[in-house]
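Please take the sequence and the model together, and follow the chain through its sheet, its charged pairs and its unusual backbone geometry.

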Amino acid sequence: ECAVAAGETAKMCHGIVAKFAAADGAVAWERKFSDLGAALWLKHDASDDSIYFTATTTYGGSANGKAHANCEHASCAVTARLSASDGTTDWIRTFQASPRWGVFDQSGDIELAAPADGPYLYAAFDDAAEIGAVTLDAGTPYAGCKAADGAVTPEYEMDISTSKRITADDCPPGSTFVAQTDADAVPAAAAKTYVLCGDKTDGDACIVKYHKYTGLPVWSKDLPMVAGLAVMPDGKSIMATGWYYYSWPESGRTFGDRVLPGYLRAGGLGSQRWGIYHAKLTTAAGQGAYVLHSGGGLSDRVYDMVVDAEGNTYSVGYTKSSVMNWAGPGGLQTRNLEQGGQADDTKTSPVTSEETHLFVAKLASAEEAVPECLSACSGTTDTATITSGSCFIDGVCYLDGDTAEAFGAPCHQCDAASSQTEWTPGSSQGTTHCFVDGICWEDEARLFTQRRTHSNKVLSSCQYCSPEAAATAWSIKAGYELVDGACAAVSPSPPPHTGTFTDDHGTTHVWWTSNPTVVAGAFQAFTLIDMGLPASQVIGTFGERGTSGSNVNGVYANYNKVTYGVDHAASPYAAPHFPTDPTAEEQALLAQKIDVSPSCSGANDWCSEFNVTILDEQGWPDIIVAGPLFAAFIIDDEVTAKAAERGVPIILLDDTAAGKQKKSFIEIAERFEELAAALGADTRAATAAAKQAFCRSAEEFKESARAASERGVRALAGVVPFGTPDQETGDIGGWLQSPDRNPALTMLEALGMQILHTDTAQGNYYEAHFAKGWPDYTGDMSATNLMSSGSLTGVPVPYHVDFWLYEPRVALDFTSDAFAVAWPHPAVAAKQYRVPDHHPGVLVRPRLEHPRYRGQQAQRCGQAHPSGYHVRASPVRRGRALPDDRAGAWRLRLRLAGHRVQLVPGSPPAAAAA
């Protein structure tokens, strides 16, 4: 059961086990386990009317699960026994794991042992023991019998426990029955079975054999992920099945020293291999007997397995392969012939089918025989004798001349004279095929990349198969060379001014012209021009051509879904609020450039269109520049593929440094300066005066920030207001932002401005303040009692704000007189605010005089909230004691100007040091 509670955003799930009447489906009883994220598999034991089930404390495989009384870890796999009569719990066993559950996951299984095996059950879990080897001696205590001397004999040491659950009637005379819930019950850890899960070299799953009456662990076996179990009628073995994918670690397809091969569809990549396994284990100790592999090459997934009275198993699942090889290409081969789909019968070629197909597969596991190509087999298949003219590869028999077509290698074949246990290159390798990256490629085939199996292929512009030139490597197209793995065009006589630049994704781009043409975001283009790049080199732009929130050219997008005062679109252009908007001269320049985003470039709002057809018609640039924000939403697969076809490099700049730490505004500007220089700009001449002016402004700002800091002035940044205000309280909505998430704020904080860090996890971009979500976005921020969300500790704390740093997207509303009346926060009413010149949609040009202006504004402003709290830091410049009218036990931690500081109630320390 999953639901989102009123006022919450996170989904809450519970595990449920229920019993229904067979006659009419009426609910006989229901158990809702609030300490479980999901119940997974269930088995009814008619012999003693009990129920066994597996479960997880997690939500679909998350690292942390729900608190569980019998789980000592952040998350656990759970196996339990219930009474089928009333649903009461008999026992619970747990161990560290985070089993996944959902339509695309393998969630294990639970099965009762065969009568010939004994009173046992088998449970399998995915993502088991992720922290390493963990004990299975965990869960509810054991019942027992307490002797006169106080010694308790646990139930698992009593012979009667092999046939039933013990009761008081089973205790010897003179002893007392100790129930599982009694204080004298034997802890699960005291069993000391030393049964462990967690050998990651054997896979991510674990199969456990439990005693069904006591829950005592008997043995465990680490294995690749398990989708289903089947117990053989003879009680001597069990079968496990699951599916694997080659982009996972090799342990996901390893059984002892056997690594299973991957089936590959025609036209696939080596990382896109699939497979299904069936493995037989002994019930005595969980030892492997054999493993078989099956597959077709795309989305081969098995989901469950059952067994008949003879010991044959039946598996169900689905595939998107036209050909399926069961127990290898030498076993049963089936083909899907689709009506109205493929035009031709592709025979045994493993092509992708048009539709996904359900399968039911029978494995004749009741009958075992030595593989037909082995003439003698007394131990394992490793020591068997292979018949002449045959090969035995990966557990499958092949005749001379059979190919590895099913595994993506039709140019390799069985050649018993060369090797009977490995594939041998055939005559087509070096004549009609190349063998590269474990795949046979046809002559002229091109290397490609593909994000997912259903994504568009991005073909290399220079690497291709030429069997005569290189039978086992990619050939390079004439006129190209590889530079750090990327294709770069080579001119017959390259000019002296070759350009190169390594972008923030680590890709080195090369161009062979001294003045390359560029298409970039409109604001990024002006950044490069400001740094000396000739405007003639910029031939086009994408994205918005006006600041989001601006009303330039009589257009206002109303991003924040609310309007205070007048109609901003009909009002005069408020240029002072948007210093980065293109000037009239710059707008005239833009009008001469190609507009790759014609549907939204003039909307003064977020614009992600990139119309490649326009470049096809008007001409492509030498280089595309994207970033530093949201490049992935604009430069999509189509843009990337089209640019690659034309050999146009895409230079990507990011707003994050190593470790995902946000860059400051200055760091981003420096990267654009480096790029401008690489593109041929004289950046020294273009930026020298501006840099000197910026340094002077920065020094003045530091002094202003210091003075404001000593007076206790605190600033807060955010997207405020947003959405509909509360009709009764006037509370508004918005997103507050920590300075470490915004380049402009990072710069101001580094220069000494004290900006509050918000009450949200460090990785979150904003702290949201909404009592209701879409479409109303009703807010919860009070003008007279502004509180944090309490996201970090669960306890909201006051935000005492003396100076606001608002985003341009809300500038016209935030600075309006109507907003100050509607939301009379002291700092808003006193007009103690300033736009920090940046919002997440674009990188704006550094207007270097603004730090000085903001510093003067902050220096002049007063304390809107005298708090009675002093700042304690290392080092401390000055303590400040005021009447403590808000004494309390809470502490709010912030990071200001590189120091870890703490607001605490009371007087400052006597010494001027923390």
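Helices and strands are here taken as DSSP runs, numbered from the N terminus, a helix having at least four residues and a strand at least two. With that in place, it should be kept in mind throughout that this is a predicted model.

A convenient starting point is an open sheet of five strands, whose order is β47-β46-β45-β48-β49 and whose pairing is parallel. The edges of this sheet are formed by β47 (594-595) and β49 (650-652), each of which pairs on one side only. In general, the strands of a sheet pair through backbone hydrogen bonds, in either a parallel or an antiparallel manner. Strand β48, covering residues 623-626, runs parallel to β49 and is joined to it by three bridges, and within this pairing Val625 has Ile651 of β49 as its bridge partner.

Following the chain onward from β48, one reaches the loop between β48 and α4 (631-634), where Pro628 is found. The peptide bond joining Gly627 and Pro628 is cis, with an omega of about 5°. A cis peptide bond also leads from Val720 to Pro721, with omega near 0°, but Pro721 lies in a strand, namely β50 (residues 715-722).

The side chains add a further set of links, for the structure holds 25 salt bridges. One of them is formed by Arg258 and Asp382, whose closest N and O atoms are 2.9 Å apart. Because Arg258 belongs to strand β21 (residues 258-259) while Asp382 sits in the loop between β29 (374-376) and β30 (385-386), this pair ties together parts that are 124 residues apart in sequence. Arg258 is partly exposed at a relative accessible area of 28%, whereas Asp382, at 52% relative accessibility, counts as exposed.

Another salt bridge connects Asp616 with Arg646, again with 2.9 Å between the closest N and O atoms. Here Asp616 is in helix α3 (residues 612-618) and Arg646 is in the loop between α5 (637-645) and β49, so that distant parts of the chain, 30 residues apart, are linked. Asp616 has a relative accessible area of 38% and is therefore partly exposed, and Arg646, at 35%, likewise counts as partly exposed.

Two helices are brought into contact by the salt bridge between Lys691 and Glu673, with an N to O distance of 2.6 Å. Since Lys691 lies in helix α7 (residues 683-710) and Glu673 in helix α6 (residues 665-678), the pair ties together parts that are 18 residues apart in sequence. Lys691 is partly exposed, with a relative accessible area of 40%, while Glu673, at 16%, is buried. Elsewhere, Asp504, Lys663, Arg671 and Glu674 are joined into one network by salt bridges that share partners.

Charge also gathers on the surface, where Glu442, Asp443, Glu444 and Glu468 make up a patch of negative charge. Of these, Asp443 is found in the loop between β37 (439-442) and β38 (446-449), and its relative accessible area of 40% makes it partly exposed.

Finally, two aspartates deserve a look for their backbone angles. Asp127, although not a glycine, has a positive phi of about 50°; Asp127 is placed in the loop between β10 (120-125) and β11 (134-135), and is buried, with a relative accessible area of 11%. Asp437 also has a positive phi, near 55°, and is found in the loop between β36 (433-436) and β37, but Asp437 is exposed, with a relative accessible area of 56%.

Technical notes. Residues numbered from 1 in each chain as written. Predicted model: local features only at pLDDT ≥ 70, side-chain atom pairs only at ≥ 80, totals over all residues. Heavy atoms only, no water. Pairing = 2+ DSSP bridges. Patch = residues over 30% accessible without salt bridge, like charges linked within 9 Å, V, L, I, M, F, W, Y side chains within 5 Å. Areas by Shrake-Rupley, 256 points an atom, 1.4 Å probe, with all protein chains shown as cover. Salt bridge = Lys/Arg side-chain N within 4 Å of Asp/Glu carboxyl O. Lys, Arg positive; Asp, Glu negative; His and termini not counted. Charge placed at Lys NZ, Arg CZ, Asp CG, Glu CD. Buried < 20%, exposed > 50% of the residue type's maximum accessible area, 1.4 Å probe, protein only.
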